[in-house]
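Grab a coffee and open your viewer: here are a few exercises on salt bridges and a pocket. Try each one before reading its solution.

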Amino acid sequence: MRRIPTLLVFLALICSGCNLPLPTTPLPASATQTDSPPTALPDAPQPTRILSTASAPNATTFPDPNAYNWKPLIDTPLQRPTDIQADGSGRLFVLEKRGFVRIIQNGQLSPDPLLDITDRVNEDSNEMGLLGMALHPNFSQNGYFYVNYTGAGGDTFISRFQANGDRADASTEVNLLHIKQPFPNHNGGSLAFGPDGFLYAGLGDGGSQGDPSGNAQSQKTLLGKILRIDVDSKQPYAIPTDNPFGNEIFYYGLRNPWRISFDKATGDLYIADVGQGDWEELDFVSTGSPGGLNFGWNIFEGNHDYKNNGATGDYVAPIAEYSHAEGGCAVTGGYVYRGSMPEWNGIYLYGDYCTGKVWGLIKAGEQWQSQLLFETHVLITSFGQDEKGEVYMLSDDGEVYQLVRK
């Protein structure tokens, strides 16, 4: 058994998915869809698929954080915001845990929500609720957006809705995936469209402690995975032909990926995986890497043995980690900055939910470097990025912040 550096992912794992066992039984209650088939998709332009072949401009050192701050964006606090997404028109959509999608435009919070699904969102535990959102690449034409929420029984629902202007009727819901959850924690919740035009979804291992059912290392359940589906070619979705196991699973071995994001300039994927009790980790997948990568949970926690019982195989090592002994409890993944301040370009920003610390992560030569930049002293629930590449931060007390120069 070995952990391979991220820099070797593409070369060393190009055929790794081919050697892994396929499920011998179908995914039963772990992946169910709506009882009645949804209506067909209307004709619409196919999503833009962009893979950058040029090196994106990257900062080579960290800026002096004392010259910058996180500026509050709105005067009216939200109620436990969990995600923030931009639609390309200047609007920001902010999810509230209880089941609202709110609109921010020109620094003002609209009194009317884009979407209200409080009647179907279950937020009985701290890690449940309306958790993630992704806008279709052609959202401006078709109005489609996707949300991840916990519903009846605490199960995960990944559904599509359709917006019309500043309103999306809850009756437009088309459920893509209904995934059984054995415990009320580790639901993941992230959604993001990749540069290949496919929808990626981050799911936790199902909860409790230590992954008691071994979900993260199993290809027979969707729990503990990054899923990848094609939402355009078939209803409710299709399995991309290069998915490694013939199902929705693309990557596995994850505990609770709390935020995944793609670099707008390069298409590289960053994954923040919340640790068990000692280590928080950041994972990286370069554009063009194959599916089937195994990030090691619950054999490893970060770079450290957790339940290593002589397992064999290759496991992708994190590019960064921090211990709870340093302060912190749960990593909150962020974005690579690509906005108006060139000194920040190429720096991945991430934080800790409990302490409010914000780090920067940068690749210097062949090595990754992480540096503590800000101590915000807020409970960081999520980060966001707008169409211009500017980065935002959400706090559990309802504030929305933007990284700006002082």
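A residue counts as buried when its relative accessible area is under 20%, as exposed when that value is over 50%, and as partly exposed in between. Keep in mind that this is a predicted model.

**Exercise 1.** Work out which parts of the chain the salt bridge between Arg80 and Asp396 ties together, and whether Asp396 is buried or exposed.

*Solution.*
- Step 1: check the contact. The closest N and O atoms of Arg80 and Asp396 are 3.0 Å apart, and the cut-off for a salt bridge is 4 Å.
- Step 2: place the partners. Arg80 sits in the loop between strand S2 (68-72) and S3, while Asp396 sits in the loop between strand S29 (391-395) and strand S30 (400-405), so the bridge ties together parts 316 residues apart in sequence.
- Step 3: apply the burial rule. Asp396 has a relative accessible area of 15%, so Asp396 is buried. Arg80, at 30%, is partly exposed.

**Exercise 2.** Do the same for Arg120 and Glu173: where does each one lie?

*Solution.*
- Step 1: the N to O distance in this salt bridge is 2.7 Å.
- Step 2: Arg120 belongs to the loop between strand S7 (115-116) and S8, and Glu173 to the loop between strand S11 (167-168) and strand S12 (174-179); this pair links parts of the chain 53 residues apart.
- Step 3: Arg120 comes out at 24% relative accessible area, hence partly exposed, and Glu173 at 22% is partly exposed as well.

**Exercise 3.** Now take Arg228 and Asp196. Is Arg228 buried or exposed?

*Solution.*
- Step 1: Arg228 and Asp196 form a salt bridge, with their closest N and O atoms 3.0 Å apart.
- Step 2: Arg228 is in strand S15 (residues 225-229) and Asp196 in the loop between S13 and strand S14 (199-203), 32 residues apart.
- Step 3: with just 4% relative accessible area, Arg228 is buried. Asp196 is buried too, at 18%.

For the wider tally, the model has 13 salt bridges, and Asp87, Arg91 and Asp166 are linked in a network of them.

**Exercise 4.** Describe the lining of the largest pocket: which elements each supply at least two residues?

*Solution.*
- Step 1: the volume of the largest pocket is about 950 Å³. Of its 31 lining residues, Leu135, Pro137, Phe193, Gly194 and Lys264 are the closest to the centre.
- Step 2: the elements that each give at least two lining residues are strand S3 (81-86), strand S8 (130-135), helix H2 (139-142), strand S13 (191-193) and strand S17 (257-262).
- Step 3: sort the lining by chemistry, and you get 14 nonpolar, 12 polar and five charged residues.

Conventions: Residues are numbered from 1 along each chain as its sequence is written. This is a predicted model: local features need pLDDT of at least 70, side-chain atom pairs count only at pLDDT 80 or more; totals for chains, interfaces and linings use all residues. Side-chain values use heavy atoms; hydrogens and water are left out. On a 1 Å grid over the protein atoms alone, a cavity is a set of points where a 1.4 Å probe fits but cannot get out, and a pocket is an open set with protein on both sides within 12 Å along at least five of seven lines; lining residues have an atom within 4 Å of a point. Grid points are joined across faces, edges and corners, and a volume is the space filled by probe spheres set on the points. Helices (H or I, at least four residues) and strands (E, at least two) are DSSP runs, numbered from the N terminus. Ala, Val, Leu, Ile, Met, Phe, Trp, Tyr, Cys and Pro count as nonpolar, Asp, Glu, Lys and Arg as charged, and the others, Gly among them, as polar. A salt bridge is a side-chain nitrogen of Lys or Arg within 4 Å of a carboxyl oxygen of Asp or Glu. Buried means under 20% relative accessible area, exposed over 50%, partly exposed in between (1.4 Å probe, protein chains only).
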